[in-house]
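This report walks through a protein model for a reader who is new to structures. Please keep the sequence and the three-dimensional view open while reading.

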Amino acid sequence: MYKVLTGNEAAAYAAMNCKVRFVAAYPITPATSVVEMLSRFIDEGRMKAKFVHVESEHSAMAACIGASAGGLRVFTATSSQGLAYMHEMLHWAANARTPVVMTVANRALAPGWNIWADQSDSLSQRDTGWLQFYCGNVQEIYDTIAMAYRIAESKEVMLPAMVCYDGFVLSHVASPVEVPPLNGFIDEYEPQWRISIDNPFTHGNVCSPEYYFSLRKSVHKAHEKALKIIPKIEQEFFECTGRYTTLLYDTYKIEDAKRVIVAMGAIAMEAKIAVDILRKRGEKVGLLRLRSFRPFPVKSLRSILVDKEVCVIDRNLIPGVGGVLHQEITASLKKDVDSLILGVGGADVTAEMIAKNVGRLILEVGR
Amino acid sequence: MIEIEEYILPGNAACQGCPSTMCLRIVLKALKGKAVLVVPASCTSVYMGAYPNTAIKVPVFNCAFASAAATATGIKAALDFYNEDCEVVVWAGDGGTYDIGLQALSGAAERGENMIYICYNNEMYSNTGIQRSGATPYGAWTNTTVSGKREHRKDISEILLSHNIPYLATASAGYLRDLYKKVKRALKFEGFRYIEILAPCPPGWKFPMNKTVEIGKLAVESGMWILYEAINGRIRLTGISKLIAEGKKKMRDLRDYLKAQGRFANISEEDLAEIERYRNKRWKKLLDSNSKLVD
C-alpha cells in the first residue's frame with residue numbers, strides 16, 4: 001500500500017512502525033515535522049511511546065542516551081545547528097554503546113543563516129563513532145530507518161546510527177511511499193543490557209588507559225562488524241517487505257564505465273540522470289551512489305573503482321580541504337580523484353549541471 | 001533510626017574529610033538503596049573508583065557535565081516502562097548545577113520530571129582543582145579568583161522555586177540527621193524535587209580535614225547558609241535556622257565562620273562588611289517572602 005508522504009513524514013512512520021518507545025526532541029528546521037508527527041501519533045494513541053519536549057538538542061541526545069541505557073528503543077530528529085549542539089553527546093552515545101537512531105535533515109551551518117540542503121552538518125560528525133547512512137529518496141528514508149535499528153541494536157554492533165537526507169529536497173518533498181508494517185523484521189526491543197535496580201553496576205566510570213584503549217578498539221571493530229551484517233539485514237528486510245533496498249552502495253552502469261561518479265544523498269539520484277545524458281553523448285560514465293558512509297565499505301570501493309577514473313561530488317565544502325567525501329575516497333583509493341563541489345548551502349543541482357561539469361572534467365583530462 | 005546498611009563502601013578515592021561521601025552515604029541510607037544515581041562530571045565521578053571497580057552499591061550512570069537532569073529524564077522513563085520501583089537521583093556538584101547544568105536542570109524542573117536532584121555545593125569547581133563557580137561566595141579565594149571573588153553567589157534555590165516544584169530543601173554536611181529527614185520527606189512527593197547540601201571541602205576551603213562537620217555547622221550558625229524546606233512553594237525554616245529566626249538562638253559572628261577557612265584569609269574589613277550585608281539581605285528576603293515562614 002502506498003501513501004503520499006514527505007521525507008519527514010516517512011521518517012515518523014518508520015519510527016512508529018519500528019516500535020520506538022521514547023522520543024526526546026527539540027524543534028529545528030527542516031527536521032521539525034518529523035517529531036511533530038510523532039507527537040501526534042502518540043497523542044492519538046497510535047504509538048505507545050513517551051515524548052519528552054526537552055529544552056535543547058544537547059538534552060535531547062542526553063535523554064535518548066539515558067532512555068536507551070534504561071532499555072528503551074529511542075528516536076530523535078535534528079539538523080544543522082542542533083546536530084552541532086549535540087556533538088558532545090554524539091561521542092557519548094557511541095562510547096556508551098547506546099543504539100540510538102536519529103534522522104538528520106541535512107542543512108548548512110550559520111552564520112549566514114541558511115536552512116537549505118548541505119551535508120556539512122552530518123559529515124562534520126564523521127568521527128563520533130556513529131553509523132551514517134545517506135538516503136536518495138523518500139522511500140529510502142523509511143527503509144533505512146528500519147534497517148538502521150536492526151544494525152545499531154545487533155549484538156556485534158551496539159552503536160548509534162544517523163539516517164541523513166537532504167533538507168527540503170527530501171524532507172519536504174512528497175512522493176508515493178510504501179509503508180509496510182515491520183513485524184517480524186523489527187519486534188519489541190530486547191536490550192543487550194539495561195540499567196536496573198536489581199542488577200546494580202556503575203556505567204562509564206573512570207577508565208584506565210588500557211581499558212579505554214580497548215573500549216575504543218571495540219567501537220572501531222563494531223564498525224567492521226556492521227559492514228559484515230548489512231547484507232544480511234538487507235536480505236531480511238527484503239524477505240519481510242518484498243522490497244530490496246541497498247544500504248551499502250548502489251551502482252549504475254559501471255561495468256563498462258571508464259569514469260565513475262561517486263556521490264551521496266539526493267544529488268546522487270540526480271547524478272544517475274546525468275549518467276544517461278553523458279552516455280547519450282557517447283561518454284562511458286557510471287555512478288556509485290554511496291549509502292553507508294559509516295561503516296565505510298572501503299574494500300568494496302577499492303575493488304569497484306580500482307581501474308576507473310573517479311569523480312566525487314560533494315554537497316559540503318570544508319575550508320582548507322574541499323569535500324569530505326572526496327577526501328575519504330582519495331584516501332581509500334590512494335590515487336588522484338576529481339572533485340566537484342555542488343549544491344553547497346542548498347544551491348540547486350540539476351542533472352544537466354552535473355553532466356556539464358563531469359563533461360568538462362572529461363575534456364580537461366582527455367578521453 | 002538511620003538505616004544500618006551501607007551503600008557506599010569505605011576506602012574509596014575521596015579526600016579525607018570529604019563532605020560528598022559523608023552526605024551521599026546518608027542520602028543512600030535514606031533511600032534504602034532503592035535509587036539509580038546519575039552523576040555528571042564531579043569529584044563523585046572520580047571517588048566512586050576506576051573501572052572495573054566501584055564504591056557505590058546502587059546502579060550508577062555517569063553522564064556528561066551539562067546533561068545530568070536530561071539523562072535522568074531518559075533513565076526515569078525507561079525505569080517506569082519496566083515498572084522498576086526506585087527513584088532516579090541526580091548527584092551533582094555546584095558547577096554541574098549552578099553553571100553548566102542549569103539549562104537541563106531548569107528544563108527537567110519545568111517539565112516536572114519525577115526525580116530527586118541533589119546538589120552537593122562546595123562552592124567551587126573542586127575536581128578540576130579549585131576554581132570559581134556561580135556558587136562561590138564573595139571574597140573567597142580560588143585558583144581563578146586569587147585576590148578573592150568580586151561577585152556574590154547566585155541563589156539557585158530561588159531559581160528552582162520559581163519552577164513550582166513540590167519539594168525543595170537546603171541541608172548542610174554539619175547536620176546529617178536533618179539531611180536524612182529531608183531526603184525521607186522528598187520521597188513523600190512525586191515530581192521534581194530539589195535538595196541542596198552545603199558541602200564544606202577541606203582542601204578547597206582550606207581547613208583541617210577533621211573540621212568538615214564543624215564548618216558545616218558554623219555556616220548555619222553564622223547565617224551564611226540557611227536551612228529550610230519549601231513544600232509546594234511554602235517556605236519553612238528548619239533546624240538552627242528556625243531557632244535563629246524565632247529569636248531562640250543568637251546568630252553567630254560571621255568572623256567565626258570566615259576565620260575558620262583559609263580561603264577568606266585575605267579579605268578586608270570592607271569585604272567582610274559586604275559579605276555581612278549580603279547575608280542580612282538574604283535573611284530579610286527569606287523572612288519577608290512568607291509571613292508564616294516559621295511554623
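In this predicted model, helix α9 (residues 266-280) of chain A lies across the strands β10, β11, β12 and β14 (309-314) of chain A, and its direction makes an angle of about 170 degrees with that of β12(A). The four strands touched by the helix can be placed in a sheet of chain A, which is open, has 5 strands in the order β10-β12-β11-β14-β15 and shows mixed pairing. At the edges of this sheet stand β10 (249-252) and β15 (338-341) of chain A, each of which pairs on one side only. Neighbouring strands of the sheet are turned against each other by 20 degrees on average, direction ignored. Within it, strand β11 (residues 259-263) and strand β12 (residues 285-290) of chain A pair in the parallel sense over 5 bridges, and one can follow this pairing at A:V260, whose bridge partner in β12(A) is A:G286.

As general background, strands of a sheet pair through backbone hydrogen bonds, either parallel or antiparallel.

Chain A also holds an open sheet of 7 strands, arranged in the order β3-β2-β4-β5-β7-β6-β13, and here too the pairing is mixed. Why do β3 and β13 (292-294) of chain A each have one side left without a neighbour in the sheet? Both strands stand at the edges and have a single partner strand each, so one side of each remains without a neighbour there. The average turn between neighbouring strands of this sheet, with direction ignored, is 20 degrees. Further inside the strand order, β5 (residues 101-106) and β7 (residues 161-166) of chain A run parallel and are joined by 6 bridges, with A:V101 having A:A161 as its bridge partner in β7(A).

Pairing of strands also takes place between the two chains, since 2 bridges join β9(A) to strand β2 (residues 60-63) of chain B, and these two strands run parallel. In this case A:T202 has B:V60 as its bridge partner in β2(B).

The contact between the chains involves 41 residues from chain A and 42 residues from chain B, and together the two chains bury about 3,000 Å², of which 64% is on carbon and sulfur atoms. Across this interface there are 14 residue pairs in polar contact, counting pairs in which both residues are at pLDDT 80 or more. On the side of chain A that touches chain B, at least two residues each are supplied by β3 (50-53), α3 (57-69), α5 (87-95) and β9 (202-203) of chain A. The largest share of that side, 8 residues, comes from α3(A). Sorted by class, the side of chain A that touches chain B consists of 21 nonpolar, 12 polar and 8 charged residues.

Salt bridges are found both across the interface and elsewhere: over all chains the structure holds 45 of them, and 2 are found across the interface of chain A and chain B. The table sets out two examples, giving the distance between the closest N and O atoms.

| Residue | Salt bridge partner | Closest N and O atoms |
|---|---|---|
| B:E84 | A:R194 | 2.9 Å |
| B:K76 | B:D80 | 3.2 Å |

How many residues apart are B:K76 and B:D80 in helix α3 (residues 68-81) of chain B? They are 4 residues apart, which means that about one helical turn separates them.

Some features of the backbone also deserve a careful look. Most residues other than glycine have a negative phi, and most peptide bonds are trans. In chain A, the peptide bond from A:A110 to A:P111 is cis, with omega near 5 degrees, and A:P111 is found in the loop between β5 and α6 (120-123) of chain A. In chain B, the peptide bond from B:Y51 to B:P52 is likewise cis, with omega near 5 degrees, and B:P52 is found in the loop between α2 (43-47) and β2 of chain B. B:I130, a residue other than glycine, has a positive phi near 70 degrees, and its place is in the loop between β4 (115-121) and α6 (156-161) of chain B.

Conventions
Residues numbered from 1 in each chain as written. Chains lettered and ligands numbered in written order. Predicted model: local features only at pLDDT ≥ 70, side-chain atom pairs only at ≥ 80, totals over all residues. Heavy atoms only, no water. Contact = heavy atoms within 4.5 Å. Buried area = accessible area lost by both parts, 1.4 Å probe. Salt bridge = Lys/Arg side-chain N within 4 Å of Asp/Glu carboxyl O. Polar contact = N/O pair within 3.5 Å; in protein donor to acceptor, adjacent residues only side chain to side chain. Nonpolar A, V, L, I, M, F, W, Y, C, P; charged D, E, K, R; others polar. Pairing = 2+ DSSP bridges. Axes fitted to C-alpha atoms, helices over the stretch in contact; angles between N-to-C directions.
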